Amino acid sequence: MSAAIDMGIFAETVFAIAEEVFTAMIDPEPGALQPALEPTELSEDATWAWVDVHGEHPGRVMLGTDHDTAMLLTRALLAVPEDEAVSEADFVDAVGEIANVVGGNIKALVPDPGPLTLPQVAPVPPGDGATLLHRAQLVWRGHPLVITLWSLS
Amino acid sequence: MRALVIDDSRTMRRIVVAALRSLGFETVEAQHGREALDVLESGEEVDLACIDWNMPVMTGYDFVVATRANPEWRDITLMMVTTESEHGQIVKALAAGAHEYLIKPFTPDAIRDKLQLLGLVEYEETA
Amino acid sequence: MTLTTDTFTWVSGLVRQRSAIVLETGKEYLVESRLLPLARAAGSTDVDAYVRGIRQAGSPRALEQVVEALTTNETSWFRDALPFTTLTRHIVPQLEAERPGGVVKVWSAACSSGQEAYSIAMALEHLVAARRLEILGTDLNQQVVERARAARYNQLEVNRGLPAPMLVKYFTRHGSDWEVSPTLRSVTTFARHNLLDAPPGGPFDVVFLRNVLIYFDLPTKRDVLRRVRQAIRPGGYLLLGAAETTIGIDDGWERVSHDRGSVYRPASGRAA
């Protein structure tokens, strides 16, 4: 994937994409999502969601955040108030959908991308030896969020 | 007015359904193109279909092709609602017979705008 | 995300009182989405709680913020549709009949980031040859003028009222953005301009002054309309926002037939 994307503009673009997704569907407040000023660590209880792109430049777009943050994102996306429970199925679907929409927009930056896989959500990232191409560190209302781009070829 | 919302993500269906309901639509849901065709084949009267592209079993694109091939379903307005945003994909969907195309992420205002363009929601003398 | 009827009724009453803008049933989602950021910033859990707080003890500033949040000029393409069909079906054919082969000059006043000006360009592409078409977009805000010149819009922006066939015809992708085609850009220019100053050129054949007057008080509206009248040809056309009128403000205009939207011509003038 790296051959196909100008990694220099990738950083700005990935933030712009994430910002659009957040503003439109999660948190309309301008400025709620920001680039992180310093490297951020996720807690041990983290949630990872990713989609893979097949085709000439196989790659992966992955979101990582603390489980608690992922739950807040789910509640925002599904408009579920704090006093109502969120099922595991809803959680996985919501977080996966965020990865899907972010991934789908990043995929459009590559010439002739293939289709996206269905999103996967897990407490650990996939350990399948993909090559890290880029890491974007973001902060949403004080919560760290990481978007990473990987090559699968 | 009734809308058929087709997406394999329950989250996305929920979001689209909420937007459509607030615009006065009744909604029916399907998880993929095949299920959506089943809904239509069962005789359900539908004015609008909001269609994701990438779904298991049958994609939204194939659903559009199938729907446009059936004269009984000619009057259904077909709108893609998808992350597929490459120029070529949009051209492809429109060429297959989709009437409109909404790129994810979208806001509820954007759905309303598209439905106004399609004549399914009135333009009003308001903000 | 469900607003109570009580909240919605109160908010729409306030907005109507302050701005003459009407929020009818069906607009609950708009109130919800526009007020949610304000609610959060005020520390409220939701819009109902926020509005309750304002009703009990709200400052004039809080009331203003609510109205502003709901009357902010939405930047969409082909806003309200009718003005553009009126433009192509009635206005431009009339102009062509009166002055065949003449240059058609259109002014998009308070053009914001340019969607209206480029929408006009798209609407007229097949009707008026590029060399005879001049579209000027002006706005008070320099940043926004520069955005309009840059002619690049993101995914959220192109989702707003732009027919998909026009998106694929007139825009190309640029990273995650969409850029307006050179054909449309060749007929549009943008400049910074204050509506209270002398007009930015002209005389114009068509002026779009849509959803701008609502922000001004009556004397200012009068002043702006008078200046626009000076900038428009006697046979020219003024298009206002859907709920707007010159009546009661400036009697120098006559209304063109009602089913064509808020369209006016200078009262004294007919075709030259």
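Visitor: Reading along the sequence, what pattern does chain B follow?
Guide: In this predicted model, chain B runs β-α-β-α-β-α-β-α-β-α when read along its sequence, and its inventory comes to five helices and five strands.

Visitor: And how compact is chain B for its 127 residues?
Guide: Chain B is as compact as a globular protein of that length, because its radius of gyration is 13 Å, which is close to the 14 Å that the globule rule gives for 127 residues. Along the principal axes, the C-alpha trace of chain B spans about 40 × 35 × 30 Å.

Visitor: What percentage of chain B counts as buried?
Guide: Of its 127 residues, 57% count as buried.

Visitor: What about contacts in chain B between residues far apart in sequence?
Guide: If you take the contacts in chain B between residues at least 6 apart in sequence, 57% of them join residues at least 24 apart.

Visitor: Changing topic, how many residues of chain A are in contact with chain B?
Guide: On the chain A side there are 16 residues, and they are in contact with 15 residues of chain B. The elements of chain A that give two or more residues to this side are α1 (7-26), α2 (67-78), α3 and β4 (113-116), and the largest share, seven residues, comes from α3(A).

Visitor: What is that side of chain A made of, by class?
Guide: The side of chain A that touches chain B has 10 nonpolar, three polar and three charged residues.

Visitor: Now the interior: how many residues are in the largest nonpolar core?
Guide: That core has 157 residues, and those with the most contacts inside it are Ile98(A) and Val102(A). Its largest share, nine residues, comes from helix α3 (residues 88-107) of chain A, and the core also draws at least three residues from each of domain 1 (5-71) and domain 2 (82-266) of chain C. As general background, nonpolar side chains tend to be buried together in soluble globular proteins.

Visitor: Which residues does Ile98(A) touch, leaving aside its neighbours within four places in sequence?
Guide: With those neighbours set aside, Ile98(A) is in contact with Val21(A), Ala49(A), Leu63(A), Leu73(A) and Leu77(A).

Visitor: You mentioned domains in chain C, so where are their bounds?
Guide: The domain assignment of chain C gives domain 1 as 5-71 and domain 2 as 82-266.

Visitor: And how far apart do the C-alpha centres of those two domains of chain C lie?
Guide: The C-alpha centres of domain 1 and domain 2 of chain C lie 31 Å apart.

Definitions and conventions
Residues numbered from 1 in each chain as written. Chains lettered and ligands numbered in written order. Predicted model: local features only at pLDDT ≥ 70, side-chain atom pairs only at ≥ 80, totals over all residues. Core = buried A, V, L, I, M, F, W, Y, C linked by C-beta atoms within 7 Å. Buried ≥ 20, exposed ≤ 12 C-beta atoms within 10 Å, placed from the backbone. Helix = DSSP H or I, 4+ residues; strand = E, 2+ residues; numbered from the N terminus. Domains from an automatic or database assignment. Contact = placed C-beta atoms within 7 Å. Rg over C-alpha atoms; globule rule 2.2 N^0.38 Å. Nonpolar A, V, L, I, M, F, W, Y, C, P; charged D, E, K, R; others polar.
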